[in-house]
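Colleague: Could you walk me through this one slowly, please? I am still learning how to read a structure.

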Amino acid sequence: MSLNVLVSLATAGGGYQTPTSAEFYQPLWFDGPFAITRPAVVLLLSVGLISWWLIASTRRTAIVPSKGQWVTESLYGFIRNGVARDIIGSKDFLRFVPLLFSMFVLILVNNIFGVIPPIQYPTMSRIGIPIALTLVVYVTYHYIGIKRVGVGEYFKHLVPAGLPGWIVPLIFVLEVITFFITRPLTLALRLFGNMFAGHLLLLLFITGGQYMIINGGIGLKVAGAGSYVMAFVLTIFEILIEFLQAYIFTLLAATYIAGSLVDEH
Amino acid sequence: MTGNIAILGYGLSAIGPGVGIGLIFAAYINGVARQPEARGMLQSIAILGFALAEALAIFGLVLAFVFK
């Protein structure tokens with residue numbers, strides 16, 4: 001059965017084009033490097049929405065909170081206590097809470113936009129936006145590390161104390177690669193890759209299902225319905241991934257900041 | 001049948017992280033089963049380990065699209 005489906009698909013004449021990474025470039029106005037694209041509009045929309053929500057829900061704070069205030073407070077408490085205080089430590093976590101909280105909310109709202117019907121575009125699936133966010137984290141953790149001990153001392157701190165002399169140059173090179181290349185690269189690519197791959201998968205199942213139902217015979221119509229069921233299941237899975245990635249990005253940012261604050265290594 | 005062999009590279013690069021993530025969450029489940037009150041602490045460690053193990057698979061995915 002499934003082989004027949006495949007053969008009939010192959011002999012159908014290549015009418016269905018599988019979605020590629022080119023689907024993600026959607027300029028709305030102008031063209032070229034300064035085009036106003038769909039992710040730019042979605043990003044601006046998310047910033048406006050977040051600002052409005054945070055101001056509206058905390059303008060009249062009450063001891064018995066309203067529902068909106070409760071949502072904002074529990075999100076803030078989750079980042080403040082669950083991420084910042086647990087990872088950075090209770091001594092100087094408070095000055096990093098605004099950075100971590102705004103990062104978390106921005107990524108979360110932009111990711112959730114990937115499955116909300118009229119918008120349906122995860123902004124983070126354009127690599128430039130995760131790179132910009134990563135740049136903030138990158139500059140922050142190097143800056144606080146260098147400001148605390150000075151440049152020479154900062155590089156000396158990369159190698160843990162008490163190692164035998166011959167192994168120190170090797171560890172130094174490894175640590176420099178980790179701090180300056182691997183960490184920012186993985187931080188940006190993880191967020192980008194998850195959003196990109198998830199959205200591409202949804203695109204494949206939905207457009208493929210549509211094509212099979214419209215153009216296929218009776219067997220393909222059944223397979224198309226199955227494809228829509230898969231799209232539904234994957235959408236639920238996407239929502240989970242979207243929360244998780246926002247959390248992971250914040251968690252790793254906090255971990256890197258904490259690494260620059262501790263005394264040794 | 002046409003396609004891109006770089007996608008096979010992504011498949012290969014997903015094996016290691018798949019095994020690694022399985023081991024991490026197996027250890028997490030074991031830990032919570034033995035000591036349910038340590039759940040909160042174990043959770044953030046498990047998710048941190050998951051994020052680090054996942055990095056290789058993400059590299060594979062991105063490189064599969066870069067080397068067309």
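**A helix and its two sides**

Modeller: This is a predicted model, and a good place to begin is helix α5 of chain A, where the buried residues are A:Ile129, A:Pro130, A:Thr134, A:Val137, A:Tyr141 and A:Gly145. They cover an arc of only 140 degrees around the axis, which puts them on the same side of α5(A).

Colleague: And which residues of α5(A) are exposed on the other side?

Modeller: On that other side, the exposed residues are A:Ala132, A:Leu135, A:Val139, A:Tyr143 and A:Lys147.

Colleague: What covers the buried residues of α5(A)?

Modeller: The cover includes four helices of chain A, namely α2 (38-58), α6 (151-157), α7 (168-215) and α8 (218-261).

Colleague: How far apart are the end C-alpha atoms of α5(A)?

Modeller: They are 32 Å apart, and this agrees with the expected span, because the 22 residues of the helix (residues 128-149), at 1.5 Å a residue, should span 32 Å. Just after α5(A) comes A:Gly150, which takes a positive phi of about 95 degrees.

Colleague: Which residue that is not a glycine has a positive phi?

Modeller: A:Gln120 is one, with a positive phi of about 45 degrees although it is not a glycine. Most residues other than glycine have a negative phi. A:Gln120 lies in the loop between α4 and α5 of chain A, and it counts as partly exposed because it has 14 C-beta neighbours inside 10 Å.

Colleague: Back to the helix for a second, how many C-beta neighbours does A:Ile131 have inside 10 Å?

Modeller: A:Ile131, whose place is in helix α5 of chain A, has 17 C-beta neighbours inside 10 Å and therefore counts as partly exposed. The C-alpha atom of A:Ile131 is separated by 20 Å from that of A:Val176, and these two residues are 45 residues apart along the chain.

Colleague: New topic: at what angle do the axes of α3(A) and α4(A) cross?

Modeller: The axes of helix α3 (residues 67-88) and helix α4 (residues 97-112), both of chain A, cross at roughly 120 degrees and come within 10 Å. The two helices are therefore oblique to each other, and α3(A) passes α4(A) in a right-handed crossing.

Colleague: Which residues meet there?

Modeller: From α3(A) there are A:Leu75, A:Tyr76, A:Ile79, A:Arg80, A:Val83 and A:Ala84, and these meet A:Val97, A:Leu100, A:Phe101, A:Phe104 and A:Val105 in α4(A).

Definitions and conventions:
Residues numbered from 1 in each chain as written. Chains lettered and ligands numbered in written order. Predicted model: local features only at pLDDT ≥ 70, side-chain atom pairs only at ≥ 80, totals over all residues. Expected span 1.5 Å × (residues − 1). Buried ≥ 20, exposed ≤ 12 C-beta atoms within 10 Å, placed from the backbone. Arc of directions from axis to C-beta. Contact = placed C-beta atoms within 7 Å. Axes fitted to C-alpha atoms, helices over the stretch in contact; angles between N-to-C directions. Parallel < 35°, antiparallel > 145°, perpendicular 65-115°, else oblique. Left-handed = near helix turned anticlockwise from the far one by under 90°.
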